Structures are given as structure tokens and as C-alpha cells.
Amino acid sequence: MRVAVPFGKSKIYTALAYKIHNIPPTAYEAKTIHQILDESPVITSKQLSHWKWIASYYMCSVGEVMRAAMPNAFILESETIISKNESTEIDEQSLKDDEFLIYEALQYQSSLKIQDVVSILDKKRVLPVINNLVEKRVLNLQEELYEKYQPKLVRYIKLHNDYKSEESLQGLLEVLNKRATKQREVLLTLFTLTASSKEPVKVSELVKKSEASSTIIKTLIDKGILEDYHIQTDRVQFEGEGNSRVKILTEAQQVAFDSIKNEFETKSVTLLHGVTSSGKTEIYVQLIKEQLKKGKQVLYLLPEIALTTQLVQRLQDYFGEKVAVFHSRYSGNERVEVWNNMLHNPEKAEIIIGARSSLLLPFKNLGLIIVDEEHEQSYKQFDPAPRYHARDAAVVLANLHGAKTLLGSATPSLESYFNASQGKYGLVELNTRFNNVLMPDIELVDLADKYKRKRMKGHFSDRMIVEMTETLEEGFQIILFQNRRGYSPIIECTTCGHSPQCPSCDVSLTYHQYKNQLRCHYCGYHTAMPKSCEACGNPTLDTKGFGTEQIEEEVKELFPNHNVARMDLDTTRGKYGFEKLITRFEQKEIDVLVGTQMLTKGLDFRHVKLVGILNADNLLNFPDFRAHERSYQLMAQVSGRAGRTDVRGKVLIQTYNPHHNILQQVSVNAYKDMFAEQMNDRYNFKYPPIYRLVKITLKHKDYNRVNTAADWYAKSLKQVFKTNVLGPEFPPISRIRNLYNKNILIKIPPNQSLLKTKEAIRKIDNSFNAVKDFRSVRVILNVDSY
Ligand code: ADP
Ligand code: ZN
């Protein structure tokens with residue numbers, strides 16, 4: 001249960017009591033709990049065990065896990081309440097003007113909040129005035145807790161009980177008949193509404209149907225003829241009918257379905273490797289149905305819930321009210337409702353769909369966890385702690401409930417495919433697309449050759465333009481992929497070579513043409529695009545490299561008679577930004593959609609025939625040991641958006657390296673070759689999934705401090721782990737938000753105990769923190785880092 005506990009002199013914090021003991025503290029004097037906030041527990045014991053596992057595995061505190069798990073609205077805020085100090089005589093003459101205003105207000109009101117003082121004084125900085133008054137002993141300050149969660153109440157209306165009898169009603173109507181026809185009409189409308197449905201009638205509905213003003217309804221209430229009342233409702237209500245028939249599985253799907261169940265007989269985790277558009281979702285739906293029949297809950301994990309409105313709609317069509325969505329863009333209140341439904345209204349929480357944090361919810365009896373698009377890196381939380389991997393934490397959660405985990409992907413992570421090939425996980429493959437549509441035809445376009453022979457218009461090769469023209473003429477749609485947003489990532493003066501940098505980070509600023517701004521993609525800094533070079537003053541600024549904005553502009557020039565839109569972080573802000581764009585594309589209001597990796601996340605469009613990847617090289621050249629694996633996944637996924645119904649899709653990949661193995665493998669859908677080759681590298685260079693990694697990042701605003709600290713840390717680690725410690729090394733972007741970062745990597749061989757390794761790291765970390773000079777250095781421990 002939650003408790004409010006005093007902290008320091010005046011602060012009150014919300015805490016969770018998870019254990020009760022009788023051992024008095026020795027180092028300090030315990031205070032009493034201020035208030036117990038709940039009547040029954042708000043978390044379950046299995047949930048707590050799971051949180052503890054996460055804290056111990058990912059080397060953070062249980063409190064940090066609690067922070068990530070609990071909706072913000074559960075954490076009560078304390079607010080300062082200002083009241084008059086009754087015990088002192090006040091000489092009004094001694095008060096300054098501002099002070100007097102507050103004093104005066106307290107003659108009429110028993111207490112004020114900070115916000116009230118802001119409006120009384122009509123200025124933002126009110127604390128100095130308040131503090132002066134406290135010093136003069138005019139005011140008292142006190143902290144009060146308030147609940148942030150506000151239930152949503154809907155106002156309903158009914159006939160007052162006095163008129164329930166036939167007789168009294170008849171009398172009433174007669175009176176109204178003569179004098180108040182409008183009121184009589186409202187009454188008759190209410191009768192029609194009550195007769196046509198058993199549901200209670202909302203005030204808003206009555207106003208609408210009777211076309212009466214709310215004053216008339218108020219009069220009826222005042223006269224005691226009608227009565228209003230409130231009912232608490234859910235903010236999130238499902239839109240699906242909940243009665244759509246689930247699809248009958250094809251033969252291939254049925255075989256896969258049976259094999260999954262078969263694997264679950266002996267394995268607790270199974271990987272479903274099914275090519276894009278093979279109909280994995282329909283298989284999930286059948287598995288969900290089975291669990292519901294057994295009275296079990298299902299958790300459906302998605303990499304990013306905001307991007308999957310299509311899927312949520314599909315599941316709500318099948319399962320209606322049983323589906324609860326835990327949405328990253330929901331308000332605190334909406335999150336509390338999902339949580340409370342899981343505790344108290346299980347019929348509304350049989351299927352939970354959500355992103356990684358939904359793992360931390362209070363499940364009662366899980367039967368199955370589905371991890372869709374299990375290869376997605378966004379399953380790993382990067383910042384702040386807990387830095388957990390949702391796929392791996394899902395397996396642990398399922399085990400706590402005696403449930404099964406199904407991992408699904410067209411391009412599995414090396415980790416999961418390796419586990420499957422070792423027999424640790426079950427493996428089921430689905431190699432045909434639904435409807436037997438062929439996999440798209442993938443063609444590599446050699447950019448070096450195209451530039452040499454002058455076959456390029458802007459960033460479009462002649463091949464791309466021909467295919468685009470043909471696709472649009474046939475009335476199909478096009479998706480173009482470029483993994484950078486903005487217009488161009490670098491601005492350079494052609495006279496002196498200067499290029500504008502972010503003042504707080506070591507990166508060049510990206511030019512955004514739409515807003516005519518230079519922006520930093522790491523800290524959000526932005527400034528107007530200068531007209532001339534800041535260094536030499538010459539107006540000779542040129543752009544280098546290209547992002548989605550520039551591609552959008554070029555498409556508009558190449559195809560002026562078609563509609564082009566862009567899907568990236570800049571165009572999908574707001575709760576429904578993404579949804580609106582998807583709907584417009586689905587309804588063919590958009591012919592060409594240009595976008596970043598957002599496009600790859602499991603979208604199902606029916607009319608896309610062509611997918612273009614404008615530049616594969618910046619994916620492949622990314623400085624990370626997973627860059628090749630990721631490039632394969634990204635390109636295979638974005639290609640998978642083409643030709644999903646009956647015509648075969650076409651994919652064009654522009655590159656300077658058409659012979660690159662990854663590109664060759666993508667073009668013939670050779671996942672297993674990719675896997676074998678990449679695994680070979682991982683063996684040779686001691687990387688996951690063979691070795692485990694713990695990354696330690698040190699951060700400080702002072703360059704020298706971070707260097708000394710990192711050297712000390714690495715030296716201590718090397719004494720224990722010898723050559724399995726890499727670094728310290730600056731990452732490619734060494735300063736972000738004015739903090740210098742330095743990384744140390746620990747590689748853990750397969751036969752080395754993870755537990756003992758982490759203990760040793762802890763020990764070193766403790767000694768580190770004991771050094772006075774290092775105390776201000778932030779240390780981030782990232783287990784299984786990405
Ligand atoms: P995946 O998740 O493997 O990419 P989907 O589950 O999205 O594939 O299926 C691709 C398309 O095929 C969807 O539009 C889906 O409605 C359709 N589909 C899949 N299986 C069936 C089926 N058994 N009957 C009818 N349509 C199906
Ligand atoms: Zn910056």
C-alpha cells in the first residue's frame with residue numbers, strides 16, 4: 001500500500017510499503033508515517049517479485065522500478081498551503097504593498113495556495129514575498145497532500161421519484177400542458193429515451209435530443225421534477241464492435257499455430273519467425289482466444305504503442321471491451337484507470353496491449369505474453385533506470401505466472417534466433433505470405449555509377465523515377481525511406497568551411513527548412529537559420545547530406561500532380577498526430593509517403609506497391625557492432641510494406657556498395673545467411689549473444705574530471721576482469737547537454753557467473769563513490785547494453 005511519509009522539515013513523499021518489520025533503525029530516528037493512502041494493496045506480490053528481479057538483474061533500485069511502473073498520478077504531490085499566523089499581532093503599517101495584499105486576502109479566505117498568490121500579486125516570482133511574510137511571522141506554511149487522479153464523472157438525468165406513480169405524473173403533465181409547453185416537451189423526450197433503451201440517460205443526450213436549452217433542464221431540476229446524478233466512467237472506451245468474426249487460418253498458418261502449441265508442451269518460450277505479411281497477427285489472435293477460454297490474461301507487447309493504432313483497432317474489433325490499452329501518450333488519469341481495472345475489474349483487462357512499461361502492471365493470472373516485433377531495439381530502456389529489456393523481462397514475468405512467451409518477428413534478433421537454434425527456445429517458421437503473394441522483388445541501384453553517368457536528379461536515380469512514375473500511373477502508393485529527419489544534417493560555409501554546432505553538444509546542427517531553423521537532435525536546442533556564415537560573414541552557406549524534408553521537397557518537384565506527405569518525429573507530434581497520417585494514407589489521400597524508421601513498425605497498408613530506400617550506406621556504416629544486423633532488419637521490414645495484398649511489390653535500394661553482403665542478403669531474403677555470418681563475427685569479436693556486455697558510462701561537465709574518473713574506474717575493473725574490459729573511450733558524440741560522456745565496456749564470457757561479475761562491479765562502484773573528487777561524476781550501469 002502507498003503511504004505518505006515526512007521527509008526533512010516540510011516535505012512529504014509518497015512511498016510504497018512492501019515489507020513490515022520490527023527492527024528499529026540505529027543510525028537515525030524514525031519518524032511516523034504521515035498517512036496510509038490505500039485501503040487495499042495497489043500492487044500484487046508477483047508484481048513485486050518481478051520488480052525485484054529487474055532491480056537486481058539490471059543493477060538499479062526497486063524504487064527506480066516502482067517509478068517506472070506506477071502511473072504518475074499514484075505519486076501524490078504535496079502542495080504548500082499558506083495561512084494566517086493567528087498567534088502574532090500584526091502591525092499593518094510594517095507591511096509592504098505586496099505583502100499587504102496577501103495579508104488582506106487572508107482576512108477573507110482561511111488559506112491560499114501558491115497559485116492564488118501568483119494571481120493576487122499578478123507576478124510569477126512570489127516566493128520572496130511569502131518568505132518575508134513567514135519571517136515577519138505573518139504567515140504559516142504547511143504541506144498538504146492531494147490526489148492527482150480525478151475520476152471522470154458523467155452527468156445523468158431521471159424523473160424524480162415523486163412522480164413515479166401514474167397519478168402524480170398525469171397531474172404534472174396537465175399542469176405543464178397549460179403553462180410550460182417547452183418543459184413538457186423535454187419531459188416527453190426523456191420518456192422516449194428511457195423507453196427505447198435500458199441505459200441511463202445522459203444530460204448531454206437529453207439536451208441534444210430535445211433541442212432544449214440547459215436552463216430549461218435546470219428549471220425542471222430546481223422544481224424537483226427531474227433529478228440529476230453522476231456516474232464514474234472510464235476515460236478510455238473501446239471503439240471496436242467486439243463482434244467481428246476472427247479470420248479462419250490458412251493451411252500454412254494452421255500448421256504454424258499447431259507447431260507453436262506443440263513447442264509450448266516442452267518449452268516456455270517459442271520464437272515465431274514468419275516473413276512480413278505472413279499473417280502472424282491472426283495466429284496471435286487464435287492463441288489469445290484459447291487463453292481467454294481458459295480464463296487467463298494475455299499481455300501483447302509492442303515496441304511502440306503510439307505507432308500501432310491499426311493493430312489495436314484490429315484486436316478491439318475481435319475482443320471489444322476485454323482489451324485494455326496501456327498507451328504511452330495517455331494521461332496519468334487514463335493510466336490509473338487501466339491499473340485499477342486490472343486490480344478490480346478483470347473483465348476489462350483480459351488482454352493488455354502496451355509498450356514495454358506495461359510489463360510492470362499488476363497482472364493477476366497471465367497465461368501468455370506475446371512479444372511482437374521482438375527484434376526492435378526500443379524494447380530496451382535506455383534512460384533513466386531501470387534499463388531493462390522488455391523481451392527478456394517478459395520471459396521472467398511469464399515464468400512467475402507459469403505462463404508462456406511467444407516472440408514474433410520477420411527478422412528475429414540474433415539473441416532470440418540463437419536461443420532457438422540452441423534448443424533453449426522453441427522455433428516455428430512461416431515462410432509464405434498470406435494469399436501466397438510473392439515476397440517483393442528487391443533491386444539494388446549503384447549510386448556511384450548513376451552519379452558518374454549523370455543519371456541522378458537530386459537524390460533520385462533514373463531507376464527510382466521510372467518505377468515511381470509507373471507505380472503512380474497504375475494508381476498504387478509509394479513509401480520512401482530515409483533514416484534522417486530535417487532537411488540536411490550539416491550546413492557548411494563554402495568560403496571558410498565553418499559549420500554551425502550545438503552549443504551544448506558535440507554535433508552539427510540539422511537544418512529544418514519548414515521552420516527555417518537549425519536544430520540539435522540531441523538536446524532540442526534551436527536557432528533561426530543564419531543568412532550568412534557566423535565565422536566569416538559570407539552568404540555562401542551550403543547543405544551537406546539529406547533528410548526526409550529534402551526528399552519530400554524533391555518528390556513534390558518531380559511529381560507535382562501527386563500528394564506527398566512526410567512521417568517523422570516532426571510531423572507526428574500530439575496524441576493523434578500519427579493516427580491522422582496513417583488514416584490519410586490508408587484512404588489514399590496521400591500517394592507518396594516519405595519517412596524515417598517509423599515506417600517500418602508493422603504497418604499494414606493495402607495499396608503500397610513500391611518501396612524506395614534512398615541511401616542504405618549510412619545504416620551500414622553506423623559505428624556499432626549491431627549495425628549490420630540492424631540494417632538487415634530495417635531494410636527487410638521497410639521492404640515488407642510493399643505488395644501486401646495481391647500484386648507483387650517492388651523495392652529499390654540505392655547504395656554506393658551494391659556488393660555489400662548485408663544488401664545481397666536483404667535482396668534475396670536470406671535471413672539464415674545473415675544470421676550465420678553475423679554470428680561468426682560475434683564469436684570472433686566476443687560480442688552478444690555469445691558474450692554478455694555491461695556498459696558503464698561516466699558523465700561530467702568537466703572534461704578532465706571525466707577522464708580521470710574513467711581511468712580510475714577502468715583500472716580497477718581491469719584488475720578483476722583483465723582484458724575483458726574495453727576503454728575508457730569517448731563515444732562518437734562525446735558531449736551531450738554539456739556533459740562529457742566516457743564509456744567502459746565489460747565483456748562477460750559465457751562461462752563466467754553474471755551474479756559474481758555484478759557483485760564485483762558493485763564493489764568497485766562503491767569504492768569509486770567514496771572518492772571525494774568523483775562524487776559529482778554520474779555513473780550509469782547498463783546491463784546487456786544496446
Ligand atoms: P504479419 O503480422 O505477419 O506481417 P498480418 O497479420 O498483418 O501479417 O497479415 C497481413 C494481412 O493479411 C493482413 O491484412 C491480414 O488481415 C491478412 N490476413 C492474414 N491472415 C489472414 C487469414 N487467415 N484470412 C484473411 N486475411 C488474413
Ligand atoms: Zn544539443
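**Close-up 1. R737 sits out in the open, in a loop between two strands.** In this predicted model, R737 has a relative accessibility of 52%, so it counts as exposed, the cut-off being over 50%. Look at the backbone here too: phi of R737 is positive, about 45°, even though this residue is not a glycine. To find the spot, follow the chain from strand 32 (735-736) towards strand 33 (739-748), and R737 turns up in the loop that links them.

**Close-up 2. K722 is another non-glycine residue with a positive phi.** For K722 the angle is about 55°. Buried or exposed: which is K722? With a relative accessible area of 52%, K722 is exposed. Its loop runs between helix 24 (703-721) and strand 31 (725-729).

**Close-up 3. A cis peptide bond links two prolines, P688 and P689.** Omega is about 5° at this bond. Where does P689 lie? You'll find P689 in the loop that follows helix 23 (671-684) and leads to strand 30 (692-700).

**Close-up 4. A385 and P386 are joined by a cis peptide bond as well.** Here omega comes out at about 0°. P386 belongs to the loop between strand 14 (366-372) and helix 14 (390-401), so use those two elements as your landmarks.

**Close-up 5. Four cysteines hold the zinc ion (ligand 2).** Which atoms do the job? They are the SG atoms of C502, C505, C520 and C523, at 2.2 to 2.4 Å from the zinc ion. The angles among these 4 donor atoms run from 104 to 113°, and the site is tetrahedral. Trace the donors along the chain and you get the spacing C-x2-C-x14-C-x2-C. As for cover, C502 and C505 are both buried.

**Close-up 6. Ligand 1 is surrounded by 18 residues.** Among the closest are I248, Q253, S277, K280 and D604. What kinds of residue make up this shell? There are 4 nonpolar, 7 polar and 7 charged ones. Helix 11 (residues 280-293) gives the most to the shell, with 3 residues.

**Close-up 7. Oxygen atoms of ligand 1 pair up with polar atoms of the protein.** Start with K280: an N or O atom in its side chain is 2.9 Å from an oxygen atom of ligand 1. The side chain of R644 also has an N or O atom close by, 3.1 Å from an oxygen atom of the ligand. With S278 the partner is a polar backbone atom, and the distance is 3.2 Å. How much of ligand 1 does the protein bury? Taken alone, ligand 1 exposes 560 Å², and the protein buries 86% of that.

**Close-up 8. Zoom out, and the protein shows 25 helices and 34 strands.** Its C-alpha trace spans about 90 × 70 × 70 Å along the principal axes. How many of the 786 residues count as buried? The share is 51%. The zinc-binding C502 and C505 are among the buried residues, whereas K722 and R737 are exposed.

How values were computed: Residues numbered from 1 in each chain as written. Chains lettered and ligands numbered in written order. Predicted model: local features only at pLDDT ≥ 70, side-chain atom pairs only at ≥ 80, totals over all residues. Heavy atoms only, no water. Near = heavy atom within 4 Å. Polar contact = N/O pair within 3.5 Å; in protein donor to acceptor, adjacent residues only side chain to side chain. Areas by Shrake-Rupley, 256 points an atom, 1.4 Å probe, with all protein chains shown as cover. Helix = DSSP H or I, 4+ residues; strand = E, 2+ residues; numbered from the N terminus. Nonpolar A, V, L, I, M, F, W, Y, C, P; charged D, E, K, R; others polar. Donors = N, O, S within 2.8 Å, 3.2 Å for Na, K, Ca; no water. Tetrahedral: all angles 85-135°; square planar, octahedral: opposite > 155°, others 65-115°. Buried < 20%, exposed > 50% of the residue type's maximum accessible area, 1.4 Å probe, protein only.
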